[in-house]
Amino acid sequence: MKRSEFLDILDKKVLVLDGGYGTQFMKLGFGGIPGEVLNLQNPEAVEKVHRSYVEAGSNIILTNTFSANSLKLRALGHEKDMIAINRTAVAVARRAGGRETLVFGDMSSCGEFPVPAGTMDFDACVDIFRTQASILASEGVDGLIIETMSDIKELKAALLGVREASPDLPLIVHMTFDETFRSVTGTPPEAYAALFDDLDCDVIGINCSVGPAVSLDIIRKIATHTSKPLSVEPNAGAPIFDGVKLTYNETPEDFAMYTEDFISAGCRIIGGCCGTSPDHIKLISHFATSGRNLKTARTPVQIITSRTAIATMDPFITIGERINPAGRDRFQKQIVDMNFSQVLDEAASQKLQGATVLDTNLGIEKLLTPEHFVKVINELDRASSLPLSLDIQTPSMMELAARHYSGRPLLNSARVTDKNLPRRIEILKKYGGMLVLLAMGKEIPETARGRFDVIMEGIRILEDAGISRHRVLADALVMSFGAGKDPSVTLETFKLLNEEGIKTTCGLSNLSFGMPDRSYLNGTFLTQALDRGLTSAIMNPGDEFVMGCLYGTLSLAGKKLTRADVRVSENPLVNILLEGNAEKLLKEIKDLCNINDPVIVSQEILGKAMEEIGILYGNGKIYLPHLLLAAQTSQLSFDHLNSLLAGEVESKGRVLLATVEGDVHDIGKKIVGTVLKTGGFEVIDLGKDISAQKIVEKALELKPDIIGLSAMMTTTVGRVSEVAAALKAADINAKLICGGASMTSDLAIKFGADGFAKNASFVTDLCLKILN
């Protein structure tokens, strides 16, 4: 199916997706077999589930290939069957769907996150999705869907892989968010929507994790930042498993009552995820009536984003200029040597000073390699920095940075020439973002009208390429006052652009280059520029006079730019940990050891700081990237302290972690391990798909105080009971705790566990409680 045909359908009709598969397979007695493997071992069972959804009214059914990528199948011991599993899945869905039902190839996470949230190479991740998409496309699916993605960078890799394999098929993308309106790696729905509104997909949506009520709230947030059709697949509430039968607490009637609300919010595709059945889909189909004009026009709110942070255009964007080694030879050498500690320091300090975006300029680019640009992007992402302005002049390096960036960047910049602007357009269309458009072609016009005309010509070229003027920040070009340039030309250009509704920016510090009293010149000019409609500036947020002019001028105009305290803790060590500066932390720890016993420094100072990190994560004040960064940053200092103590420090307990047999989900368990380590526990992680026998063997060998089990899948949650029985039979007295998407506190009690952790934020307190 052509993409244009698919979008035409969505203008006229709400399409109904299918529902959950895992619970349906369990009802048929196949709970112990990985769903994708059923394509080969019992295709009749898969076809029966497909057919039940077709009969319930599904317009689209998804191939049974959710985890049929090479990495997930390798973990299941079926990598050699990957092509056969995917091919058979398409054939089975086709038989069940007949002529009238669309078949979309289903793909989901690799099970490992790309760097920096995980360890997977980004391009390797792209290859995994490209390979699976190629098979599905070659078998004749009508479209593709990437769903249940909790890391925005992995979803970006997936989209790029799909589009390399199949540029012409319709593509739906879905992330998953929890009740806090964040993904596992800290991304808010608005940041996701803004980036993927730019990228080459046709429908944006969400699935899994939450029921219809919370899903509706998330969809409404997404709708403000994209003009694309929306899609939703909520869970049927929370799982209830009595050890034999799995049910969910949202009835088909309760679930379907949200259908009209989803349509009103912009959803053109509605289905179900975990726990939904043909009964749920039948009622959705009943309420999703056709025959109305569903074409709506939404103008997305423009934002610049990182993985976790959002910079809004209104009332002003302060773009910090300090990540730039110009005139700072030592800084330039550090960058050349791959030492990005000062980059991270400048990022952290500018955030405190009030910057909302960070201009990132690595200086003399001929001294640098592609690795420099990838590394700095990942390091700033690891530190969960503010959104970035990619101030990069070499097009190939700008493209590389945009490719690896986890948010929606500002590309700085483009001139309106036949050579310069088309290359930036290519990058924008492939990787998303906004663009600083300079008011110059080959030369800089001398008049305001001349600069205005250049900008409008550039916007015309961008719009002809499918890039909205709303994605442009026009730079009217601030010139050096000391060189005799007239600032009134720039001010008048701002005024002309503002009258056309064009957002503007400038390099503020250029005005006073080589002049005395720079702050006063910059601050005065900024006040005048704001009066002419300036909406952002690349500037020094550490200049208190200039920042005071900004806040004061906006306040007098009735606009509020709140200068918030962005520190999350009063403990300076916590803030250093969250900045990711391991060398700075080590210096502080060495200084503390000069006046304190190293045992006190380890347990009562650095240990308490790490405990606070865990508490902040549990309270939603920081996110997974912060947690991982803090754990990594602390390691050098803990190694130093341990070398001084020679085994004097005792852990709070030894914890043995494992994902149960048949379950290849590893991410949540790894997060739990990180949280426990930050809380002072010794953690041994056995990995995923671990049998009860192996867990018993390792428990006898390692003698842990606590054994923690993860069961993410509805089909594997019963394995916890098996492990509990095996531990009891082996007379192992370690406390047993469990968690995972399919686990509940009632089940934990029923299975004989000593505790249940709803998520990683509860696990440290749980372990302390059951040990004490």
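**Exercise 1. Find the bridge partner of V16 in β10, then place the strands in their sheet.**

Solution. In β10, V16 has I270 as its bridge partner. Helix α10 (residues 212-223) packs on the sheet and touches β6 (203-207), β7 (230-233) and β10; the direction of α10 makes about 165° with that of β7. Contact here means heavy atoms within 4.5 Å, and axes are lines fitted to C-alpha atoms, for helices over the stretch in contact, with angles from 0 to 180 degrees between N-to-C directions.

Next, take the strand pair. β1 and strand β10 (residues 267-270) pair in the parallel sense over 2 bridges. Two strands count as paired if DSSP finds at least two bridges between them; helices (H or I, at least four residues) and strands (E, at least two) are DSSP runs numbered from the N terminus.

Then extend to the whole sheet. It is an open sheet of 8 strands with parallel pairing, in the order β1-β10-β7-β6-β5-β4-β3-β2. β1 (15-16) and β2 (60-62) are at the edges with a single partner strand each, so one side of each has no neighbour in the sheet.

The model is predicted: local features need pLDDT of at least 70, side-chain atom pairs count only at pLDDT 80 or more, and totals for chains, interfaces and linings use all residues. Residues are numbered from 1 along each chain as its sequence is written, and side-chain values use heavy atoms, with hydrogens and water left out.

**Exercise 2. Describe the contact between domain 1 and domain 2.**

Solution. Start with the division: domain 1 (3-289), domain 2 (303-317 + 386-556), domain 3 (567-646) and domain 4 (651-772), with bounds from an automatic or database domain assignment. Domain 1 gives 23 residues to the contact and domain 2 gives 19 residues.

Now the area. About 1600 Å² is buried between domain 1 and domain 2, and carbon and sulfur atoms give 51% of it; buried area is the accessible area (1.4 Å probe) that two parts lose on being put together, summed over both. On the domain 1 side, K153, K156 and D198 lose the most area to domain 2, together 30% of what that side buries.

Last, the polar part. Between the two domains there are 4 salt bridges, a salt bridge being a side-chain nitrogen of Lys or Arg within 4 Å of a carboxyl oxygen of Asp or Glu. The side chains of D151 and R307 form a salt bridge at 2.5 Å, N to O. Helices α7 (122-138), α8 (152-165) and α9 (189-198) each supply at least two residues of the domain 1 side that touches domain 2.

**Exercise 3. Locate the cis peptide bonds at P315 and S413, and the positive phi of T148.**

Solution. Most residues other than glycine have a negative phi, and most peptide bonds are trans. D314 and P315 are joined by a cis peptide bond with omega about 5°; P315 sits in the loop between β12 (310-312) and β13 (317-323). The bond from N412 to S413 is cis, with omega near 20°, and S413 belongs to strand β16 (residues 410-414). T148, not a glycine, has a positive phi of about 55° and lies in strand β4 (residues 143-149).

**Exercise 4. Give the strand order of the sheet that contains β23 and β24.**

Solution. The order is β22-β21-β23-β24-β25, an open sheet of 5 strands with parallel pairing. β22 (682-685) and β25 (755-756) are the edge strands. Strand β23 (residues 706-710) pairs with strand β24 (residues 735-739) over 5 bridges, and L709 has C738 as its bridge partner in β24.
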